[in-house]
Amino acid sequence: MGKFYERSDIFKYTWDQVAQAFWSRYPNPFSQHVLSEDVVFRQIKDGKLHSKRLLTKTNRIPKWGERFVSTKCVRIVEESVVDPVNKVITTYTRNIGFKSVMTIEEKCVYQMCEDNPKWTVVNRYAWVSSSVFGFARAIQAFGVERFRQNSIKTCRGFNYVLENLFPLIHNQETVPNLIVNKEKLKDKAKKATELAKSKAEVLVAACNPNSQ
């Protein structure tokens with residue numbers, strides 16, 4: 001029957017920024033298991049960008065898995081649809097290697113966060129299945145856990161790319177506070193200057209009673 005996995009992550013960047021960084025996700029320090037990526041198809045249809053990419057990934061194989069596979073590398077197909085009008089990126093990913101042992105199908109949806117339109121949320125859905133007699137449940141459980149670990153790395157890697165592409169935007173939440181504090185300091189300095197000036201005038205007048 002297979003196993004299902006779901007998680008959501010938030011990127012503190014606008015959808016436009018995430019859409020721009022989407023094509024520069026690799027390489028990054030958190031996704032070193034991604035060895036290569038190649039665009040094999042791309043077209044614009046109905047105002048949406050349709051792409052298909054072929055990725056090569058590698059992962060450590062547990063001892064019990066060595067009896068089923070002879071290589072650590074696996075080919076992945078990623079199909080994506082970018083809708084710039086509704087601001088949605090949808091990706092469909094599946095492995096075309098190791099299918100006799102395990103199949104992982106993933107769907108990701110990137111869209112504006114409802115709580116904060118300046119942020120972007122990605123919802124991930126994964127289906128893991130295996131038809132290996134006697135080992136299916138164990139393989140599926142392993143697949144879900146491996147997918148969970150890789151999803152965390154993927155999120156960290158994407159954030160790394162975003163931070164490097166938009167370094168001045170990364171701490172955008174603190175900018176308004178800095179501006180407010182700066183204005184407050186200016187206001188306090190102005191008031192202090194006016195107070196000191198008025199006291200000086202009083203002092204001068206006191207020292208020169210005949211000047212009036």
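## A tour from the buried cysteines outward

Start by selecting cysteine 108: with a relative accessibility of 2%, cysteine 108 counts as buried. Here buried means under 20% relative accessible area, exposed means over 50%, and partly exposed is in between, using a 1.4 Å probe and protein chains only. Before you click on, note that this is a predicted model, in which local features need pLDDT of at least 70, side-chain atom pairs count only at pLDDT 80 or more, and totals for chains, interfaces and linings use all residues. Residues are numbered from 1 along each chain as its sequence is written, and side-chain values use heavy atoms, with hydrogens and water left out.

Now add cysteine 113, which is buried too, at a relative accessible area of 9%. How many disulfides does a search of the whole structure find? The search comes back with 0, where a disulfide would be a pair of cysteine sulfur atoms within 2.5 Å.

**Zoom out**

Switch to cartoon view. You should see 3 helices and 7 strands, which are DSSP runs numbered from the N terminus (helices are H or I with at least four residues, strands are E with at least two). Trace the chain from the N terminus and the elements go β-α-β-β-β-β-β-β-α-α. The protein has 212 residues, and 35% of them count as buried. Turn on the surface if you like: the accessible area is about 13,800 Å², 56% of it from carbon and sulfur atoms. Such areas come from the Shrake-Rupley method with a 1.4 Å probe, and for residues only the protein chains shown count as cover.

**Walk across the sheet**

Colour the strands. They make an open sheet of 7 strands in the order β1-β7-β6-β5-β4-β3-β2, with antiparallel pairing. The edges are β1 (3-11) and β2, each of which pairs on one side only. Neighbouring strands are turned by 15 degrees against each other on average, direction ignored. Axes here are lines fitted to C-alpha atoms (for helices, over the stretch in contact), and angles run from 0 to 180 degrees between N-to-C directions.

Select residues 34-45 and 48-58, which are β2 and β3: they run antiparallel and are joined by 10 bridges. Two strands pair if DSSP finds at least two bridges between them. For a landmark, valine 34 has lysine 57 in β3 as its bridge partner.

Stop at the turn of this hairpin, which has 2 residues between its strands. Aspartate 46 sits in the loop between β2 and β3 and has a positive phi of about 55 degrees although it is not a glycine. Buried or exposed, then, is aspartate 46? It is exposed, with a relative accessible area of 70%.

Next, bring in β4 (residues 73-83), which pairs with β3 in the antiparallel sense over 10 bridges. Lysine 52 is matched with glutamate 79 in β4. Right beside that residue, glutamate 78 has threonine 93 in β5 as its bridge partner. In total, 8 bridges join β4 to β5 (residues 88-95), again antiparallel.

Helix α2 (residues 136-165) packs on the sheet, touching β1, β6 (103-112) and β7 (120-129), and its direction makes about 10 degrees with that of β1.

Look at the loop between β4 and β5 for lysine 87. Its phi is near 55 degrees, a positive value in a residue other than glycine, and lysine 87 is partly exposed, with a relative accessible area of 24%.

**Two threonines**

Select threonine 120 in strand β7. Its relative accessible area is 0%, so it counts as buried. Show its surroundings: leaving aside neighbours within four places in sequence, threonine 120 is in contact (heavy atoms within 4.5 Å) with residues including Asp9, Phe11, Trp15, Tyr110 and Cys113. Cys113 takes you back to one of the buried cysteines from the start. Try a distance label too: a polar atom of the threonine 120 side chain lies 3.3 Å from the backbone oxygen of threonine 14.

Then jump to threonine 154 in helix α2. At 18% relative accessibility, threonine 154 counts as buried. Not counting residues up to four places away in sequence, it touches Ser31 and Arg124. Draw a C-alpha to C-alpha line to phenylalanine 30: the two residues are 6.8 Å apart in space but 124 residues apart in sequence.

**Last stop**

Finish in the loop between α1 (15-21) and β2, where you'll find proline 27. A cis peptide bond joins tyrosine 26 and proline 27, with omega at about 0 degrees.

How values were computed:
A polar contact is a pair of N or O atoms within 3.5 Å; within protein, one must be able to donate a hydrogen and the other to accept it, and residues adjacent in sequence count only if both atoms are side-chain atoms.
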